[in-house]
Amino acid sequence: MSQEESFKKELRPIDVWGLALGAIVGWGCFVLPGNAFLPKAGPLGMAIGMLLGAGIVILISLSYGYLIQRFPVSGGEFVYADSAFGKIHGFICGWALILAYWSLIPLNATAVGLISRYLFPGIIQVGKLYSIAGWDVYAGEILIASFFLIALAYLNIKGVKGSGMLQTAVSLILVGSIVAVTAIVLFQCHDFVNLTPAFQTDGGRSKFACIFAVVAMTPWAFIGFDCIPQAAEEYSFSHKKSLFLMISAVLVAALLYICINTITAIVMPWQDLLAQDPFWATGMVIQMTMGNAGLFLVGLAMLCAVISGMNAFYLSTSRLLYAMAQVNALPNIFAEIDPKYGTPKKSILFVMAISLIAPWFGREVLGWIVDMTSVGASLAFTYTTASAAKLAYQHGNRFQSVVGALGVVAGLFFLSLLLIPGMPGFLSIQSRIALAAWTIMGIVFFFCMRNKYLGNKDDMDTILHDKGVEETICPVLCQE
């Protein structure tokens, strides 16, 4: 790859940290306390479950940090699985991740309309078109979502430096807004008796069940920390820092989740709050304590979460498409780098095009798709940790091989929570249908591309060689 066709190394450490944090903390951080966290777990049950989930994700991130240093290229999990286990496994992992990353772009875009429904009812809910699965689709909301989709696509095309600076700014505003709201609410309402009972044990639910109802949401809650390896080719700093950036982003995200959940529960007895069946529990209590100024702060935080999520997943999806196209797993057009901006322009435009279609189906249908993408994220976690375990074993690194093996157990545990009937995170019938449809599409697409993809056995080795990676990887994986 010539210099004109390569990525520009312009991402600073703070940009990459913001990339991960902004991808993790989305609109759900502000909605789930009243909709899921408190009803399922209670204040303490949520906090323990979230910290336990963060601990599991940090265990998995150790394998990511290990592999990023050895594969400092775009593609992340796809590259790891392809190199360690072969092309078929690489395709399975990459195909699962494409939908997991992409679907979060239009979901975040449509969240702008959702935010307005909470904060300014009726402002953009104009021009009702139809209803799908009980969700009213408005022309006003589609226009707003389309504006954000196009604007962020344009920013990503213009170069990674601009998108990185935006990511840093909105992520810092996100953190600052949540910290400010939390401090003010706790100062005004510090009656910790309102946090009792600590667990949601109504109906005979055990404390263990409360905690693991939140742990089951971990793949969805923390998806985004794995955006860091997707941009590995664009770091302006040592890849050794990536592990610290991932771990710190996961810890801060977990604390932000807990902050919002706690302030939702502390203003009044949280079970009394839920009994009122509020449209938006967090917004209700913030308005009670801080008035419109509080709603403005939380609205700013939600908008930053939406923008940072879209920006991060635009970058991650386009880099994943680029990496897969480089080895002919996808059409070659996605592997083209714009010589002026140093970005995969056509990949970004493709992501934008299909994202512009999604809002027309309504958030309920998008929700079904996003729910099943936790399977893709968990599968990627499993492949990555297995790749790290295999590579570390071949290098004689016993510690990392054990860490990788434990990560595989964690990944399989996440998958079991989602796919085994009766488990806390078992997918709805609609999400299972969406998962089956995407799997069938993947099989069809694989057979369409298989001759070109499987024909050259040295594709990944050649690319790694061209990027100067072969001395750390290929002699180990290809020694036989």
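A residue counts as partly exposed when its relative accessible area falls between the buried range, under 20%, and the exposed range, over 50%. By that rule Lys-346, at 37%, is partly exposed. The model described here is predicted.

## Salt bridges

Side chains of opposite charge can pair when their charged atoms come close. Across the whole structure, 4 salt bridges are found. Three of them are described here, beginning with the one made by Lys-346.

Lys-346 pairs with Glu-336, and the closest N and O atoms are 2.8 Å apart. Lys-346 belongs to helix 13 (residues 345-357) while Glu-336 sits in the loop between helix 12 and helix 13, so this salt bridge ties together parts that are 10 residues apart in sequence. Glu-336 is also partly exposed, because its relative accessibility is 37%.

Glu-234 and Arg-319 form another salt bridge, with an N to O distance of 2.7 Å. This pair joins distant parts of the chain, 85 residues apart: Glu-234 is in the loop between helix 9 (227-230) and helix 10 (242-266), and Arg-319 is in helix 12 (residues 281-326). Both residues, Glu-234 and Arg-319, are buried.

A further salt bridge links Arg-12 to Asp-15, with 2.8 Å between the closest N and O atoms. Its two members fall into separate exposure classes: Arg-12 is partly exposed at 38% relative accessibility, whereas Asp-15 is buried, with a relative accessible area of 2%.

## Cavities

The structure contains 4 cavities of 30 Å³ or more. The largest cavity encloses about 120 Å³. Its lining consists of 17 residues, and those nearest the centre are Ala-23, Ile-24, Gly-26, Leu-104 and Asn-108. Two or more lining residues come from each of helix 1 (13-24), helix 4 (87-119), helix 8 (218-222) and helix 12.

The second largest cavity holds about 100 Å³ of space. Among the residues that line this cavity are Thr-110, Trp-135, Asp-136, Tyr-138, Glu-141 and Arg-363. Strand 2 (135-138), helix 5 (139-158) and helix 14 (362-395) each contribute at least two residues to the lining. Strand 2 gives the most, with 4 residues.

## Pockets

The largest pocket has a volume of about 950 Å³. It is lined by 32 residues, with Leu-32, Met-217, Trp-220, Gly-367 and Asp-371 nearest its centre. Helix 2 (28-70), helix 4, helix 7 (207-215), helix 8 and helix 14 each supply at least two of the lining residues. The largest share, 7 residues, comes from helix 14.

The second largest pocket measures about 520 Å³ in volume. Of its 24 lining residues, Leu-99, Trp-102, Ile-354, Trp-438 and Met-441 are closest to the centre. Helix 4, helix 12, helix 13, helix 14 and helix 16 (429-455) each give two or more residues to this lining. Helix 16 gives the most, with 5 residues.

## Lining composition

The table divides each lining by residue class.

| Site | Nonpolar | Polar | Charged |
|---|---|---|---|
| Largest cavity | 12 residues | 5 residues | no residues |
| Second largest cavity | 6 residues | 2 residues | 3 residues |
| Largest pocket | 21 residues | 6 residues | 5 residues |
| Second largest pocket | 23 residues | 1 residue | no residues |

The lining of the largest cavity has no charged residues, and the lining of the second largest pocket has none either. Charged residues do occur in the lining of the second largest cavity, where there are 3, and in that of the largest pocket, where there are 5.

Note on methods:
Residues numbered from 1 in each chain as written. Predicted model: local features only at pLDDT ≥ 70, side-chain atom pairs only at ≥ 80, totals over all residues. Heavy atoms only, no water. Salt bridge = Lys/Arg side-chain N within 4 Å of Asp/Glu carboxyl O. Buried < 20%, exposed > 50% of the residue type's maximum accessible area, 1.4 Å probe, protein only. 1 Å grid on protein atoms, 1.4 Å probe; cavity = no way out; pocket = protein on both sides within 12 Å on 5 of 7 lines; lining within 4 Å. Points joined across faces, edges and corners; volume = space filled by probe spheres on them. Nonpolar A, V, L, I, M, F, W, Y, C, P; charged D, E, K, R; others polar.
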